[in-house]
Amino acid sequence: MVTRLQRKNHSKWYFTLARVLLFCLSSMLILILCSSLTKDAPDAIEDHLSILASTLLTASSILLFLRWEKLTPEDVGIVAKKHSVQRFLSGYAIGFSMAGAQALIVLMYGHFQLKPISDISFIDILSPLLLYFFIACREELAFRSYSLRSLNLSLGPIWALSTMAVIFIFEHIAGGMTWGMAVLGSGTGALLFGIAALKTKGLALSLGLHSAWNLGQWTFGFKNKPGIWEAVVEKGFEAEMEHVGLAAFLLVMALTIAGVLFHYRKSELAE
């Protein structure tokens with residue numbers, strides 16, 4: 001647990017902010033380095049190896065920054081606790097249900113179909129399942145462990161969540177996402193996952209939500225490629241359905257954020 005002395009050491013918020021920015025920059029550089037080192041790997045496993053290596057190196061980087069700030073892994077939620085497995089599984093079920101709810105809303109609106117992929121294999125499902133889990137692990141470690149919890153100690157939850165949401169948005173923009181989708185999509189996701197991490201004082205719930213949400217989006221064809229189903233929009237309604245999909249996304253995200261806040265209402269966001 002965080003002590004009064006550790007709180008005092010975090011009183012100069014600008015030092016903490018500088019360290020967090022340095023950590024986030026190092027995490028992005030690690031991602032770029034690992035992507036470069038694995039570019040000659042077979043296509044089927046290139047992304048998996050890159051993200052897995054990034055995850056492991058990011059975890060090692062966290063340990064270095066924890067020593068710098070005299071914090072422990074328990075202080076930033078990267079150690080499994082009594083309810084971690086339960087929270088992860090609950091988060092996974094909720095995250096996948098969110099993706100299903102978004103798809104259902106769009107289906108109910110019309111001009112949209114989900115066509116099942118007939119020749120999909122077990123490997124075709126296992127590969128994205130692992131990939132999106134690795135991606136969620138890397139991003140939760142980079143944005144919801146040391147960085148978020150350290151800022152929370154110095155600045156409080158509102159500034160910590162806002163700061164990490166902005167950094168999360170910029171990483172996705174750097175990765176090629178449009179400004180609109182990064183702000184509304186990644187920004188809203190950052191708030192949900194950040195609130196889940198702060199409320200539970202750990203990463204299990206946010207990791208479950210994050211990885212299952214991404215897998216669910218792939219499952220229903222919302223990752224710009226077929227998953228278990230292919231998302232087919234009626235010709236001439238592409239722009240309209242994009243807006244409907246975004247509205248559905250914001251609705252399920254808002255409801256889930258409200259649900260997390262209500263369920264963990266007795267748990268403070270601040271340390």
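Helix α7 runs for 18 residues in this predicted model. From first C-alpha to last, α7 reaches 26 Å, close to the 26 Å expected at 1.5 Å a residue. Its buried residues are P157, A160, L161, T163, M164, A165, I167, F168, I169, E171, H172 and I173. As for what they pack against, the list is α2, α5, α6, α8 and α9. Just past the end of α7 comes G176, with a positive phi of about 110°.

Helix α2 tells a similar story on length. Spanning residues 13-37, α2 has 25 residues and reaches 36 Å between its end C-alphas, close to the 36 Å expected at 1.5 Å a residue. The buried set in α2 is T16, R19, V20, F23, C24, S26, S27, I30 and C34. An α-helix has 3.6 residues a turn, so residues three or four places apart point the same way. Spacings of that kind turn up in the buried set, with R19, F23, S26 and I30 among its members. The cover over these residues includes α3 (43-69), α5 (122-144), α6 (146-155) and α7 (157-174).

One residue of α5 ties several of these pieces together. R138 lies in helix α5 and counts as buried, because its relative accessibility is just 2%, against a cut-off of 20%. Setting aside neighbours within four places in sequence, R138 is in contact with S27, M28, L31, I51, S54, T55, T58, F143 and E171. Of these contacts, S27 is also on the buried list of α2, and E171 is on that of α7. R138 can also be set against L33: the two are 105 residues apart in sequence, while their C-alphas are 14 Å apart in space.

Next comes the pairing of α8 with α9. Two packed helices are described by the angle between their axes and the distance between the axes. For α8 (residues 179-200) and α9 (residues 204-219), the angle is about 155° and the axes are 7 Å apart. With the roughly antiparallel class starting over 145 degrees, α8 therefore counts as roughly antiparallel to α9. The crossing of α8 past α9 is right-handed. On the α8 side, the contact is made by L192, F193, A196, A197 and T200; α9 brings in L205, S206, L209 and H210. Sorted by type, the residues of this contact come out as six nonpolar, three polar and no charged.

Further along α9 sits Q217. Q217 counts as buried, because its relative accessibility is 11%, under the 20% limit. Not counting residues up to four places away in sequence, Q217 touches A99, Q102, F222 and K223.

Finally, a word on backbone angles. Most residues other than glycine have a negative phi, and most peptide bonds are trans. K70 has a positive phi of about 60° although it is not a glycine, and H111, also a residue other than glycine, has a positive phi near 60°. Both are loop residues: K70 is found between α3 and α4 (84-109), and H111 between α4 and β1 (112-116). Their accessibility puts them in separate classes. K70 is exposed, because its relative accessible area of 59% is over the 50% mark, whereas H111, with a relative accessible area of 29%, is partly exposed.

Notes:
Residues are numbered from 1 along each chain as its sequence is written. This is a predicted model: local features need pLDDT of at least 70, side-chain atom pairs count only at pLDDT 80 or more; totals for chains, interfaces and linings use all residues. Side-chain values use heavy atoms; hydrogens and water are left out. Helices (H or I, at least four residues) and strands (E, at least two) are DSSP runs, numbered from the N terminus. The expected span of a helix is 1.5 Å times one less than its number of residues. Buried means under 20% relative accessible area, exposed over 50%, partly exposed in between (1.4 Å probe, protein chains only). Contact means heavy atoms within 4.5 Å. Axes are lines fitted to C-alpha atoms, for helices over the stretch in contact, and angles run from 0 to 180 degrees between N-to-C directions. Angles under 35 degrees count as roughly parallel, over 145 as roughly antiparallel, 65 to 115 as roughly perpendicular and the rest as oblique. A crossing is left-handed if the near helix is turned anticlockwise from the far one by less than a right angle, and right-handed if clockwise. Ala, Val, Leu, Ile, Met, Phe, Trp, Tyr, Cys and Pro count as nonpolar, Asp, Glu, Lys and Arg as charged, and the others, Gly among them, as polar.
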